[in-house]
Amino acid sequence: MVAGRRQPLVPAWGGDPPPFLPCDLEQAGGTGPAPLGLLISFAPIWSFAPWLAGLAARDPAGVGALQGVVACSSSSVITKRFAANGFDRDLVQRLRRAEEQLTLTCAAHGLPLRILAPTLIYGQAGLLGDRNLSQLRRLLRRLPLLPLPGQGGLRQPIHCRQLAAVALHLADRLPLAGDHPSEPVHLPLGGDDTLPYATMLRRLQDATEPGDAARRCRLLALPPRLFQTLAAPLLLLSPKRFEAVLRMGADLAGFTPAHRLLGGPPEPFPVLPLVP
Ligand SMILES: NC(=O)c1ccc[n+]([C@@H]2O[C@H](COP(=O)([O-])OP(=O)(O)OC[C@H]3O[C@@H](n4cnc5c(N)ncnc54)[C@H](OP(=O)(O)O)[C@@H]3O)[C@@H](O)[C@H]2O)c1
């Protein structure tokens with residue numbers, strides 16, 4: 001069963017949408033009884049954790065009868081820990097507080113828990129698509145030239161299908177693993193390829209149709225210091241954007257690759273389908 005604010009769309013591959021339970025996590029704990037079975041959450045963890053805590057306060061027996069919880073947090077809790085701008089520091093605090101609250105709720109009710117902390121999610125599932133690599137590809141379509149700090153830092157993007165497969169795989173094993181897991185509760189997670197920013201963009205270009213405008217954009221590797229100097233005026237306009245531009249040169253990789261958990265062969269970037 002799928003729960004959320006919006007009814008799932010009819011799957012692109014046909015068939016009926018899965019049974020749907022309307023649920024807004026901002027209404028702490030909702031009003032109905034606890035769901036049965038096992039919870040997998042792809043919602044922001046700062047909405048999911050207080051919701052589950054509220055539900056546990058209202059229906060402790062129902063929550064205690066659950067088989068376990070798999071919830072999505074973000075690798076930002078690690079990678080933005082030392083950010084200089086307040087927005088990113090607040091994000092880290094919100095993620096960390098929510099992870100702690102979820103851990104406490106699950107421990108209090110004996111629920112096995114896995115927190116996935118994925119990096120850079122991309123790809124398309126049915127009619128839904130990502131809003132990060134697809135935006136980069138739109139930028140490539142618009143610009144004749146994209147300056148980069150050298151080859152840029154390392155990235156380890158994960159396709160939404162891989163993330164969903166890992167969540168289901170862990171959920172299947174959770175009732176057996178119990179709350180004495182042999183694997184870590186907090187799992188930083190990435191795709192199977194680790195590649196420099198410039199290579200990631202080149203592969204995105206290569207994955208477009210032959211005449212696509214994204215292929216024409218030239219990637220210009222500047223000396224990192226020159227790149228940072230050119231980006232400096234952005235600091236006055238938006239410290240958050242300035243830091244995001246600086247992060248292009250930082251290595252945001254080294255997370256557990258999805259295939260290591262799933263047991264199959266590694267899938268090279270980009271895994272398809274992408275947002276057109
Ligand atoms: N995007 C990334 O690159 C990235 C990177 C690292 C971690 N993450 C984490 O990975 C997960 C999935 O990412 P995403 O970008 O797909 O997240 P998202 O767009 O913010 O939300 C994912 C899902 O959560 C549902 N949701 C959000 N708020 C809800 C609420 N109050 N009540 C019920 N459902 C709610 C959304 O439903 P609606 O359709 O109703 O909005 C949507 O189906 C999130 O936990 C996110 O924090 C994302």
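## Why the labels apply: helix, exposure, salt bridges and ligand contacts

Ile78 has its place in helix 3 (residues 76-79), where helices are DSSP runs of H or I with at least four residues, strands are runs of E with at least two, and both are numbered from the N terminus. The model is predicted, so local features need pLDDT of at least 70 and side-chain atom pairs count only at pLDDT 80 or more, while totals for chains, interfaces and linings use all residues. Residues are numbered from 1 along each chain as its sequence is written, and side-chain values use heavy atoms, with hydrogens and water left out.

Q: Why is Ile78 called partly exposed?
A: Buried means under 20% relative accessible area and exposed means over 50%, with partly exposed in between (1.4 Å probe, protein chains only). Ile78 has a relative accessible area of 30%, and therefore counts as partly exposed.

Q: Why is Leu128 called exposed?
A: The relative accessible area of Leu128 is 57%, so the residue is classed as exposed. Leu128 is found in strand 8 (residues 128-129).

Q: What makes Asp212 and Arg141 a salt bridge?
A: The term requires a side-chain nitrogen of Lys or Arg within 4 Å of a carboxyl oxygen of Asp or Glu. In the pair formed by Asp212 and Arg141, the closest N and O atoms are 2.8 Å apart, so the pair satisfies that definition. Asp212 lies in the loop between helix 7 (197-206) and strand 14 (218-222) and Arg141 in helix 5 (residues 133-142), so the salt bridge ties together parts that are 71 residues apart in sequence.

Q: Why does Asp212 count as buried, and what is Arg141 called?
A: Asp212 has 15% relative accessibility and therefore counts as buried, whereas Arg141, with a relative accessible area of 28%, is partly exposed.

Q: What makes Glu267 and Arg161 a salt bridge?
A: Their closest N and O atoms are 3.0 Å apart, so this pair also meets the definition. Because Glu267 lies in the segment after helix 11 (258-262) and Arg161 in helix 6 (residues 160-177), the pair ties together parts that are 106 residues apart in sequence.

Q: How do you know that Leu25 has a polar contact with the ligand?
A: A polar contact is a pair of N or O atoms within 3.5 Å; within protein, one must be able to donate a hydrogen and the other to accept it, and residues adjacent in sequence count only if both atoms are side-chain atoms. A backbone N or O atom of Leu25 lies 2.9 Å from a nitrogen atom of the ligand, so the pair qualifies.
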